[in-house]
Amino acid sequence: MTSLTERLRARRAAPPLALPPAAAPDPHAELRARRNALAEEVAALTWDLGGLTYEMAVRDHFRLDVLVRRAAALQERDAELGEVERLLAAAAQGVGGDCRSCGAPHSRGAAYCWKCGQPLMPQATSAALIEPMGTS
């Protein structure tokens, strides 16, 4: 039987365990989090709109203005969710780029950044617009 001090010496002499390499941070983590939040919001809005419609039907009193407002809010969130999913799909395929202003990923052909709203395409001015007419 070995003594406690001998076991401690053996532990000190043993090489330290190598830690596994840290995984690279997900460049699209924020976009994935936004997708999850939007999916939850769309589900809640859909549930609420269905419940509201049911309650109005039970009471036989429909308020179209209320339904239209709720449906419009649902459509906005659903469209935003669709765009985020499209961006994620494009990023998975390696299509697109990053915004020069904020670094958020964007899909090919996008005109504006989904996150900061900055234009993604370079703006060029026409030389014909800069030179006054008749200066030839």
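**A tour of salt bridges and two helices**

Begin by selecting glutamate 83, which is partly exposed, with a relative accessible area of 27%. The model on your screen is a predicted one. Now add arginine 86 to the selection; this residue is also partly exposed, at 39% relative accessibility. Show both side chains. Arginine 86 forms a salt bridge with glutamate 83, and the closest N and O atoms are 2.7 Å apart. Side chains of opposite charge can pair when their charged atoms come close. Trace the backbone from one partner to the other: arginine 86 and glutamate 83 both belong to helix H3 and sit three residues apart, about one turn of the helix.

How many salt bridges does the structure hold? There are eight. The next stops show two that reach across the chain.

Select arginine 34 and glutamate 80. Their side chains meet in a salt bridge, 2.4 Å from N to O. Arginine 34 is in helix H2 and glutamate 80 is in helix H3 (residues 64-93), so this pair ties together parts that are 46 residues apart in sequence. Is arginine 34 buried or partly exposed? Arginine 34 is partly exposed, with a relative accessible area of 29%. Glutamate 80 also counts as partly exposed, at 27% relative accessibility.

Return for a moment to arginine 86 and glutamate 83, the pair within helix H3. Then extend the view to Arg34, Glu41, Arg77 and Glu80, which are joined into one network by salt bridges that share partners.

Next, select glutamate 30 and lysine 115. The two side chains meet in a salt bridge, with 2.9 Å from N to O. This pair links distant parts of the chain, 85 residues apart: glutamate 30 lies in helix H2 (residues 29-59), while lysine 115 lies in the loop between strand S2 (105-106) and helix H4 (127-130). Glutamate 30 is partly exposed, with a relative accessible area of 46%. Lysine 115 is partly exposed as well, with a value of 43%.

For the last stop, hide the side chains and display H2 and H3 as ribbons. The axes of these helices come within 9 Å and cross at roughly 155°. H2 and H3 are therefore roughly antiparallel to each other. Where H2 passes H3, the crossing is left-handed. What kinds of residue make up the contact of H2 with H3? Colour them by type: 17 are nonpolar, two are polar and 10 are charged.

Methods: Residues are numbered from 1 along each chain as its sequence is written. This is a predicted model: local features need pLDDT of at least 70, side-chain atom pairs count only at pLDDT 80 or more; totals for chains, interfaces and linings use all residues. Side-chain values use heavy atoms; hydrogens and water are left out. A salt bridge is a side-chain nitrogen of Lys or Arg within 4 Å of a carboxyl oxygen of Asp or Glu. Helices (H or I, at least four residues) and strands (E, at least two) are DSSP runs, numbered from the N terminus. Buried means under 20% relative accessible area, exposed over 50%, partly exposed in between (1.4 Å probe, protein chains only). Axes are lines fitted to C-alpha atoms, for helices over the stretch in contact, and angles run from 0 to 180 degrees between N-to-C directions. Angles under 35 degrees count as roughly parallel, over 145 as roughly antiparallel, 65 to 115 as roughly perpendicular and the rest as oblique. A crossing is left-handed if the near helix is turned anticlockwise from the far one by less than a right angle, and right-handed if clockwise. Ala, Val, Leu, Ile, Met, Phe, Trp, Tyr, Cys and Pro count as nonpolar, Asp, Glu, Lys and Arg as charged, and the others, Gly among them, as polar.
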